[in-house]
Amino acid sequence: MSSPPPPDVGAEEERGAADGGGGSLSYGEAEYWDARYVEEGGAPYDWYQRYDALRPFVRRFAPPASRLLMIGCGSALMSEDMVSDGYVEIVNIDISSVVIEMMRKKYFDVPQLQYLRMDVRDMSMFPDESFDCAIDKGTLDSLMCGVDAPLSAAQMVLEVDRLLKPGGVFILITYGDPSVRVPHLNQSACNWKIVLYILPRPGFIGNIKRHVLDPVPLTERGRLPDGFVPEDPDSHYVYVCKKMQGLTGTGSPTVNHIERQGEE
């Protein structure tokens, strides 16, 4: 059984903003996801993109020795695929206790994978600066469709920032273009170096002029340049956010890895 397509994120965000969040769907709540995973019976499903499409970004910005946090893991195969690709420690979290129990049973014999029930807005179980990389594809979008969306987004971003080591990287895969995502990433307590990439949706048939690893320039206000239109109107935006606070040494293996990639 496959999951239904993801919500119309833009429409839900606009609806939530218009009614203060009270009438929007409960994508940010555990009850919604528990019921959904019970209905789906634990069938694997990767939101937005599979690992093979995201691999160029993950391998470029996070070496296999990194300690990774997979946010909103759901029933996705991405972490399994990353272990097959050499990654040695991936901590997977999700707000749904149902899917976490399913994934624990499925991967009980894979020591590289750990599954924890956790709300991304409060990850106080983890100490500061305990991860080299955090990956999210769809969780922030879900929060933006829920109640108190701006507050939830701020809580998530601040927690991710807290958990990353200096020089660590937050890879965010989202439907949100810079006008609706950069303001949430640029919390006053954060100091990110943000690089944007655009990835066509799976199965898109059309002429893509850029290589997927060619960054898309942002204006000083964190917007797309005037007149820039992605070839695929339903593209996914990949924000690579490097944590700059406290970056005085090589506390995270991600730092040297990114530098070496840049030199190649």
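Buried, in these exercises, means under 20% relative accessible area. Keep that cut-off handy, and remember that you're working with a predicted model.

**Exercise 1. Warm-up**

Work out how many helices and strands the protein has, and what share of its residues count as buried.

*Solution.* Start with the secondary structure: the protein has nine helices and seven strands. Then turn to burial: of its 264 residues, 52% count as buried. Finish with the contacts: take those between residues at least 6 apart in sequence, and 75% of them join residues at least 24 apart.

**Exercise 2. Two aromatic pairs**

Classify the pair W47 and Y48 and the pair Y107 and Y115 as stacked or edge-to-face, then decide whether each residue is buried or exposed.

*Solution.* Step one is the search of the whole structure, which turns up eleven aromatic pairs. W47 and Y48 make one of edge-to-face type, with 6.4 Å from centre to centre and 80° between the planes. The 80° settles the class, because planes over 60 degrees apart count as edge-to-face.

Step two is burial for these two. Y48 has 8% relative accessibility, so Y48 counts as buried. W47, at 15%, counts as buried too.

Step three is the other pair: Y107 and Y115 are stacked, with centres 5.9 Å apart and 10° between the planes. Y107 is buried at a relative accessible area of 7%, and Y115 is buried at 5%.

Step four widens the view. W47 and Y48 belong to one aromatic cluster that also holds Y32, W33, Y37, Y45 and Y175.

**Exercise 3. Positive phi**

Find where Y48 and D148 sit, and say what their phi values are near.

*Solution.* First, the background: most residues other than glycine have a negative phi. Y48 goes the other way, with a positive phi near 70°, and lies in the loop between α2 and α3 (51–61). D148 also has a positive phi, near 55°, and its place is the loop between α6 (139–144) and α7. Now check D148 for burial: at 44% relative accessibility, D148 counts as partly exposed.

**Exercise 4. Two helices crossing**

Describe how α2 and α5 cross, and list the residues that meet.

*Solution.* Take the axes first: α2 (residues 30–40) and α5 (residues 97–106) come within 7 Å and cross at roughly 45°. The two helices are therefore oblique to each other. Next, the residues: D34, Y37 and V38 of α2 meet S97, V98, V99 and M102 of α5. Sorted by class, this contact has five nonpolar residues, one polar and one charged.

**Exercise 5. Partners from elsewhere in the sequence**

Say which residues L77 and S152 touch, setting aside neighbours up to four places away in sequence.

*Solution.* Begin with L77, which is in the loop between β1 (67–71) and α4 (78–84). Its partners are P44, D46, R50, K106 and Y107. Pick out P44: L77 and P44 are 33 residues apart in sequence, yet their C-alpha atoms are 6.4 Å apart in space.

Move on to S152, in helix α7 (residues 149–163). S152 is in contact with R121, L143 and V147. At 3% relative accessibility, S152 counts as buried.

**Exercise 6. A charge and a ring**

Say which ring face R67 lies over, and how many Å from the ring centre.

*Solution.* The ring is that of F131: R67 lies over its face, at 4.3 Å from the ring centre.

Notes: Residues are numbered from 1 along each chain as its sequence is written. This is a predicted model: local features need pLDDT of at least 70, side-chain atom pairs count only at pLDDT 80 or more; totals for chains, interfaces and linings use all residues. Side-chain values use heavy atoms; hydrogens and water are left out. Rings of Phe, Tyr and Trp (its six-membered ring) pair if their centres lie within 6.5 Å; planes under 30 degrees apart count as stacked, over 60 as edge-to-face and the rest as tilted. Buried means under 20% relative accessible area, exposed over 50%, partly exposed in between (1.4 Å probe, protein chains only). A charge sits over a ring if NZ of Lys or CZ of Arg is within 6 Å of the ring centre and within 35 degrees of the ring normal. Helices (H or I, at least four residues) and strands (E, at least two) are DSSP runs, numbered from the N terminus. Contact means heavy atoms within 4.5 Å. Axes are lines fitted to C-alpha atoms, for helices over the stretch in contact, and angles run from 0 to 180 degrees between N-to-C directions. Angles under 35 degrees count as roughly parallel, over 145 as roughly antiparallel, 65 to 115 as roughly perpendicular and the rest as oblique. Ala, Val, Leu, Ile, Met, Phe, Trp, Tyr, Cys and Pro count as nonpolar, Asp, Glu, Lys and Arg as charged, and the others, Gly among them, as polar.
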